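Student: Before I rely on the descriptive words people attach to a model, I would like to see each one set against its definition. Could we go through this one together?

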Amino acid sequence: MRFKGLDLNLLAALDVLLECRSVSRAADVLNLSQPAVSAALGRLRTFFGDELLTTHGKRMYPTAYAEALMPQVKDCLRGVELMISSSTMFDPATSQRTFRIIASDYVIVAAIVPLIARLVDIAPAVRLEMVLPNEVSIDHIAQGKADLLVTPEDFTSSDLASDLLYEEHHVIAGWAENPVFKAPLTEEDVMSAGHVGVAMGNARLSVFSDRHFAVLGKDRKVEVTTASFTTVPWLLKDTMRLAVMHERLARTMSDFFPIKYAPLPFEIPPMRQMMQFHTTRRSDAGLTWLRDELRRSAS
């Protein structure tokens with residue numbers, strides 16, 4: 001299809017070429033031959049009157065004009081994708097849609113694993129693709145690279161739509177043989193022990209519980225830091241260390257690891273786990289179905 005002289009199929013090729021900066025890699029992504037992608041690049045150069053990608057050494061680099069085009073091309077393709085995905089018709093029993101969800105390993109255990117078990121019966125051809133959160137997660141939702149971000153309310157963006165998934169309490173967990181669990185935990189028990197902490201992503205982002213410990217002026221003795229919540233039980237086993245864990249995760253992991261957990265001896269507020277998505281996706285029937293099913297699984 002042409003629009004004002006431009007074959008719209010070329011926009012998808014341009015997007016991939018500017019991302020890959022390589023004709024051969026773009027051909028692999030587009031599942032086309034290298035000559036076909038080279039021809040597409042030639043037609044794009046003719047239409048826009050610009051080289052778009054120039055070769056320097058063994059690499060290709062976008063021109064200044066191409067750099068300016070990149071966000072416009074992505075917005076255009078995103079608009080088409082939203083138009084298609086926002087159909088009012090969505091039948092989970094027959095849909096072959098893939099949803100990309102940005103969520104921590106804790107959320108995967110608490111809400112997504114139960115849903116996956118049910119998909120076999122309610123949506124056998126629907127696929128879920130999980131991506132761990134990092135410092136660009138919000139950008140990926142805004143750019144349409146992911147459908148849903150599950151994150152604590154403290155970390156949400158006001159630029160995205162939000163729905164509550166569930167509320168979560170935190171507990172103190174430790175090795176089942178740790179004598180500290182033989183009596184009700186005290187604040188001294190918690191603050192005098194060594195702890196396992198969690199920091200997320202390349203930027204080592206703090207987690208909800210750390211923020212609220214800081215607000216209370218409580219400084220834990222973190223002896224070990226891990227990048228994922230589900231590795232914490234491994235680091236508690238056979239040690240006297242403790243960890244602040246989500247109650248849902250501690251309950252699930254105690255079925256597989258020799259750990260115990262108890263209520264915190266002081267109060268931090270419940271964590272409101274939110275689902276964030278692009279504001280234009282409110283009418284997306286498929287995404288609405290997914291949010292409803294996640295809430296059902298998490299309950």
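Student: How do you know how the radius of gyration of the protein chain stands against that of a compact globule?

Tutor: In this predicted model, the protein chain has a radius of gyration of 24 Å, whereas a compact globule of 299 residues would have one near 19 Å. The globule value comes from a rule, 2.2 Å times the number of residues to the power 0.38. Along the principal axes, the C-alpha atoms fill a box of roughly 75 × 45 × 35 Å. Within the chain there are 11 helices and 14 strands, and 46% of the 299 residues count as buried.

Student: Why is Thr 151 called buried?

Tutor: The word buried is reserved for residues under 20% relative accessible area, and Thr 151 counts as buried because its relative accessibility is 9%. This residue has its place in strand β7, which covers residues 148-152. Once its neighbours within four places in sequence are left aside, Thr 151 is in contact with Thr 156, Arg 272, Gln 273 and Met 274.

Student: What makes Glu 293 count as buried?

Tutor: The same cut-off of under 20% applies, and with a relative accessible area of 8%, Glu 293 is therefore buried. Glu 293 lies in helix α11, residues 285-298, and, leaving aside its neighbours within four places in sequence, it is in contact with Leu 115, Arg 118 and Ile 122.

Student: Turning to helix packing, at what angle do α1 and α3 pack, and how far apart are their axes?

Tutor: Helix α1, residues 9-20, packs with helix α3, residues 34-48, at an angle of about 105°, and their axes are 10 Å apart. Angles of 65 to 115 degrees count as roughly perpendicular, so α1 is described as roughly perpendicular to α3.

Student: Which residues make the contact between α1 and α3, and how do they divide into nonpolar, polar and charged?

Tutor: From α1, Leu 10, Ala 13, Leu 14 and Leu 17 meet Val 37, Ala 40, Leu 41, Arg 43, Leu 44 and Phe 48 of α3. The residues of this contact divide into nine nonpolar, no polar and one charged. Arg is among the types that count as charged, while Ala, Val, Leu and Phe are among those that count as nonpolar.

Student: What share of the contacts in the chain joins residues at least 24 apart in sequence?

Tutor: Among contacts between residues at least 6 apart in sequence, 75% join residues at least 24 apart.

Note on methods:
Residues numbered from 1 in each chain as written. Predicted model: local features only at pLDDT ≥ 70, side-chain atom pairs only at ≥ 80, totals over all residues. Heavy atoms only, no water. Axes fitted to C-alpha atoms, helices over the stretch in contact; angles between N-to-C directions. Helix = DSSP H or I, 4+ residues; strand = E, 2+ residues; numbered from the N terminus. Parallel < 35°, antiparallel > 145°, perpendicular 65-115°, else oblique. Contact = heavy atoms within 4.5 Å. Buried < 20%, exposed > 50% of the residue type's maximum accessible area, 1.4 Å probe, protein only.
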